[in-house]
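Here are a few exercises to help you find your way around a new structure. Try each one yourself before you read the solution.

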Amino acid sequence: MDAPRPGVERSSAESGNWTLRVRRSIDRRLPMDHLLPDRQPYFVGSWVYVFGVITIAALVWVIFSGVVLSFMGPQWWHVSGVGRFFNSLHFWSVQVFFIFMVLHLWGQYFMASWRDGRASTWIIGVVIFAVSILTAFTGYLSQQNFDSQFIAINAKDAMNGAGVGAFFNVLNFGQMYGLHVMLLPIGVTFLVVWHIVMVRTRGVVKPIDRGGANRQ
Amino acid sequence: MDSPTTYFHWGFILISLPNLLVIGGMVVLFAVALVAPFPHGGLDDDGRP
């Protein structure tokens, strides 16, 4: 049996080594100075760019307060003083999350920030918005009070009318609670991380040129 | 707190006072963000303001 030539052996080992290929691909697409930059272009010096960061900060509070609520349970969040505080913290951090997500959406819309290969970043943002609305709706159904019962009974007709009542049963508390505390938050968090990585990969979109030269 | 809120009805637009205040506040905040000076205005890699 012939001995393998050193050069050929290395080349074939590299081509078959998926960890090496993935590492090189990440290094090429998202070097660390892009992932954690210490400077930004001059046009980023505007409060409009703060809306997205506030949205992420609100999401952190939503998840933190939600973890506490799920650990302690509905009797705690409806009866005890601290529980009602965390219940309110969860509700109001969601309000901040949605308000600043919409402000971020307005800002990015008027910047046309889907330009220069950033369409997928924009689309992921749209999906985050949709999944967040679904998460909020299942949250209203998970309150364990008369309000959630009223909403569930009214929403049942809407879901049946839309043809999804068999798969998405708003009267099934276990299904709504499971979606709200497990699947949908994981989905939102994963999509937000993906969204941020894509922003870091491409960088912040350049301002639209007054003459329209930068429009695509 | 238990009384129903005020609603505004202009043509096909029907909106509650709290929702109108939230949307109005968002529009104002967006406008302020456009014009308010940003502290420590960022410099680019060339130190350009």
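**Exercise 1.** In what order do the elements of chain A run from the N terminus on?

Solution. Keep in mind that this is a predicted model. Start at the N terminus of chain A and write down each element as you meet it: you get α-α-α-α-α-α-α-α-α. Now do the tally: nine helices and zero strands. Next, look at burial in chain A: of its 216 residues, 19% are buried. Finally, take the contacts in chain A between residues at least 6 apart in sequence; 73% of these join residues at least 24 apart.

**Exercise 2.** Work out how helices H4 and H6 of chain A sit against each other.

Solution. What do we need for this? Two packed helices are described by the angle between their axes and the distance between the axes.

- Step one: find the helices. H4 of chain A covers residues 50–72, and H6 of chain A covers residues 81–111.
- Step two: get the distance and the angle. The two axes come within 8 Å and cross at roughly 155°.
- Step three: turn the angle into a word. An angle over 145 degrees counts as roughly antiparallel, so H4(A) is roughly antiparallel to H6(A).
- Step four: add the hand. H4(A) and H6(A) cross in a left-handed way.
- Step five: sort the contact residues by class. Between H4(A) and H6(A) there are 17 nonpolar and 10 polar residues, with no charged ones.

**Exercise 3.** Do the same job for H7 and H9 of chain A.

Solution. H7 of chain A spans residues 119–141, while H9 of chain A spans residues 173–202. Their axes come within 9 Å, and the crossing angle is roughly 160°. Use the cut-off again: with an angle over 145 degrees, H7(A) and H9(A) are therefore roughly antiparallel to each other. As for the hand, H7(A) passes H9(A) in a left-handed crossing. The contact of H7(A) with H9(A) breaks down into 16 nonpolar residues, 10 polar ones and one charged.

**Exercise 4.** Split chain A into its assigned domains and describe how they meet.

Solution. The domain assignment of chain A gives domain 1 as 49–111 and domain 2 as 113–206. How far apart are the C-alpha centres of domain 1 and domain 2 of chain A? They lie 14 Å apart. Now look at who takes part in the contact: 12 residues come from domain 1 of chain A and 10 residues from domain 2 of chain A. On the domain 1 side, the elements of chain A that give two or more residues are H4, helix H5 (74–79) and H6. By class, that side of domain 1 of chain A has eight nonpolar residues, four polar ones and no charged ones.

**Exercise 5.** Check the backbone and surroundings of two loop residues, A:Asp116 and A:Gln144.

Solution. Begin with A:Asp116, which lies in the loop between H6 and H7 of chain A. Its phi is near 55°, a positive value in a residue other than glycine. A:Asp116 has 13 other C-beta atoms within 10 Å, so it is partly exposed.

Move on to A:Gln144, in the loop between H7 and helix H8 (146–162) of chain A. This residue is not a glycine, yet it has a positive phi of about 65°. A:Gln144 counts as partly exposed because it has 15 C-beta neighbours inside 10 Å.

One more step: which separation in space goes with the 33 residues along the chain between A:Tyr177 and A:Gln144? Their C-alpha atoms are separated by 9.9 Å. A:Tyr177 itself lies in helix H9 of chain A, and with 17 C-beta neighbours inside 10 Å it counts as partly exposed.

**Exercise 6.** Sketch chain B, then place B:Ser16 in it.

Solution. From the N terminus on, chain B reads β-β-α, which comes to one helix and two strands. Of its 49 residues, 0% count as buried. B:Ser16 lies in strand E2 (residues 13–16) of chain B. It is partly exposed, since 13 other C-beta atoms lie within 10 Å. Leaving out residues up to four places away in sequence, B:Ser16 touches B:Thr5 and B:Tyr7. By contrast, take B:Val27, 11 residues from B:Ser16 along the chain: the C-alpha atoms of the two are separated by 17 Å.

Methods. Residues are numbered from 1 along each chain as its sequence is written. Chains are lettered from A and ligands numbered from 1 in the order in which they are written. This is a predicted model: local features need pLDDT of at least 70, side-chain atom pairs count only at pLDDT 80 or more; totals for chains, interfaces and linings use all residues. Axes are lines fitted to C-alpha atoms, for helices over the stretch in contact, and angles run from 0 to 180 degrees between N-to-C directions. Helices (H or I, at least four residues) and strands (E, at least two) are DSSP runs, numbered from the N terminus. Angles under 35 degrees count as roughly parallel, over 145 as roughly antiparallel, 65 to 115 as roughly perpendicular and the rest as oblique. A crossing is left-handed if the near helix is turned anticlockwise from the far one by less than a right angle, and right-handed if clockwise. Ala, Val, Leu, Ile, Met, Phe, Trp, Tyr, Cys and Pro count as nonpolar, Asp, Glu, Lys and Arg as charged, and the others, Gly among them, as polar. Domain bounds come from an automatic or database domain assignment. Two residues are in contact if their C-beta atoms, placed from the backbone, lie within 7 Å. A residue is buried if 20 or more other C-beta atoms lie within 10 Å of its own, exposed if 12 or fewer, and partly exposed in between; C-beta atoms are placed from the backbone.
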